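Visitor: I am new to this structure and would be grateful for a close look at a single part of it. Might we begin with a pocket, and then follow the side chains and loops outward from there?

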Amino acid sequence: MMETITDIFKKPTSNNEIQLIGMKEEEIAFDHSKVKFVGEGNTLIVERGAKFKNTNIHFNGNHSVVIIGKSNRRATFNVSVWNNSAFFIGRNYSFNGSARFILSEQKNLFIGHDNMFSTGVVVRLADPHLIYDAATKKRINPTKSVYLGDHIWIGQDVMILKGVNIGSGSILGAKSLVTKSLPSNVSAAGSPARIVRKDVFWARPSVHAYTDNETEAAEQFADDRFIYSEDGSIKEPMKIIEKQLIDAANCDEKVNILLPYLENTPKNRFYTPMKSKQKEPLLKGIFSKGE
């Protein structure tokens with residue numbers, strides 16, 4: 001039987017832990033949302049100020065960690081974790097419809113700050129069934145973690161598959177199937193997704209109801225806050241986090257690794273440079289509707 005987060009706070013759950021962090025003045029809104037613990041030894045951490053609507057958090061196995069930051073906008077997603085996985089989503093996210101996050105085979109999903117999800121987004125870390133090479137009989141489809149940086153716009157019906165890392169500031173066009181990692185400040189689209197334009201950035205205001213004056217005012221952006229660079233960045237930060245999580249001995253160690261990423265951190269913390277072999281094709285972007 002599923003319980004609301006209020007029910008779970010009122011009584012202990014066998015060897016599973018729920019923590020509220022942050023300012024006590026900020027309450028958690030939990031509207032038509034549920035948490036389900038099937039296994040044991042799991043940890044759920046929610047930052048005060050988070051708001052949930054139609055969200056389901058399922059711990060289907062043991063010794064996994066879920067950390068959810070706060071936002072002025074509601075989180076609307078279904079996340080499923082099994083054994084020894086970590087799911088992290090930072091602050092200031094937005095969801096235009098329900099997203100689905102599926103963590104498998106002891107791998108991790110990390111999502112930074114200020115990310116915008118359109119409706120129908122799916123992120124999965126496994127295929128999930130086994131595939132083998134016919135000659136060697138060896139498995140050829142290992143499960144892999146996914147890392148998303150800060151300020152990424154993920155369009156309608158986008159699917160992000162195992163092993164993908166996406167640098168801060170990028171845009172994923174509607175209905176894209178993302179199978180390969182992407183650098184910062186690019187737009188990508190297609191199935192499979194490929195870079196359609198580089199050196200771009202995006203801003204949150206929605207143009208749906210714009211008047212002529214608002215459209216004219218939006219022709220120029222005031223500053224470079226959403227342009228990411230190597231200034232102060234760390235080389236391959238996502239690989240560093242992944243190695244730390246793999247080496248962690250228990251949930252407490254994973255929590256200690258991930259919690260600092262909720263705080264205000266350097267702008268370029270997840271900057272990812274363009275690889276020399278990644279070229280911009282002669283194709284225009286396909287962006288999502290409904291944002």
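Guide: The account below begins with one pocket and then turns to the salt bridges, the surface and the backbone.

The model is a predicted one. The part chosen for the close look is the second largest pocket, which holds about 670 Å³ of space. It is lined by 25 residues, and those closest to its centre are Ser-181, Glu-236, Lys-239, Thr-272 and Lys-275. Two elements give two or more residues to this lining, namely strand 18 (165-166) and helix 3 (237-247). Helix 3 supplies the largest share, with four residues. Sorted by class, the lining of the second largest pocket consists of nine nonpolar, eight polar and eight charged residues.

Two of the residues closest to the centre of the pocket, Glu-236 and Lys-239, are also partners in a salt bridge, with their closest N and O atoms 3.3 Å apart. Lys-239 has a relative accessible area of 52%, and because this is over 50%, Lys-239 counts as exposed. Glu-236, with a relative accessible area of 43%, is partly exposed. Elsewhere, Glu-47, Arg-91 and Glu-263 are joined into one network by salt bridges that share partners.

Side chains of opposite charge can pair when their charged atoms come close. The structure holds 12 salt bridges, and two further examples deserve attention.

One of them joins Arg-204 and Asp-114, with the closest N and O atoms 3.0 Å apart. Arg-204 belongs to the loop between strand 22 and helix 2, while Asp-114 belongs to the loop between strand 12 (109-111) and strand 13 (116-117), so the pair ties together parts that are 90 residues apart in sequence. Asp-114 has a relative accessibility of 19% and therefore counts as buried, since the limit for that class is under 20%.

Another salt bridge is formed by the side chains of Asp-157 and Lys-175, at 3.0 Å from N to O. This pair links distant parts of the chain, 18 residues apart: Asp-157 is in the loop between strand 16 (153-154) and strand 17 (159-160), and Lys-175 is in the loop between strand 19 (171-172) and strand 20 (177-178). How does the setting of each partner count, as buried, partly exposed or exposed? Asp-157, at 32% relative accessibility, counts as partly exposed, whereas Lys-175, at 58%, counts as exposed.

Lys-175 also leads to the backbone. Most residues other than glycine have a negative phi, and most peptide bonds are trans. Lys-175, although not a glycine, has a positive phi of about 65°. Glu-105 is another residue other than glycine with a positive phi, near 50°. Glu-105 sits in the loop between strand 11 (99-102) and strand 12, and its relative accessible area of 43% makes it partly exposed.

Which peptide bonds before Pro-128 and Pro-192 are to be noted, and where do these two residues lie? Asp-127 and Pro-128 are joined by a cis peptide bond, with omega about 5°. Pro-128 is placed in the loop between strand 14 (122-124) and strand 15 (146-148). The bond from Ser-191 to Pro-192 is likewise cis, with omega near 0°. Pro-192 lies in the loop between strand 21 and strand 22.

Strand 21 (residues 186-190) contains Ser-187. At 3% relative accessibility, Ser-187 counts as buried. From C-alpha to C-alpha, Ser-187 is 24 Å from Ala-75 in space, and the two are 112 residues apart in sequence.

The loop that holds Arg-204, between strand 22 and helix 2, also brings the account to the surface. Phe-201 lies in the loop between strand 22 (193-198) and helix 2 (212-217). Together with Phe-221 and Ile-227, Phe-201 forms a nonpolar patch on the surface, and the three have about 220 Å² of accessible area together. Phe-201 itself counts as partly exposed, at 30% relative accessibility.

Methods
Residues numbered from 1 in each chain as written. Predicted model: local features only at pLDDT ≥ 70, side-chain atom pairs only at ≥ 80, totals over all residues. Heavy atoms only, no water. Patch = residues over 30% accessible without salt bridge, like charges linked within 9 Å, V, L, I, M, F, W, Y side chains within 5 Å. Areas by Shrake-Rupley, 256 points an atom, 1.4 Å probe, with all protein chains shown as cover. Salt bridge = Lys/Arg side-chain N within 4 Å of Asp/Glu carboxyl O. Buried < 20%, exposed > 50% of the residue type's maximum accessible area, 1.4 Å probe, protein only. 1 Å grid on protein atoms, 1.4 Å probe; cavity = no way out; pocket = protein on both sides within 12 Å on 5 of 7 lines; lining within 4 Å. Points joined across faces, edges and corners; volume = space filled by probe spheres on them. Nonpolar A, V, L, I, M, F, W, Y, C, P; charged D, E, K, R; others polar.
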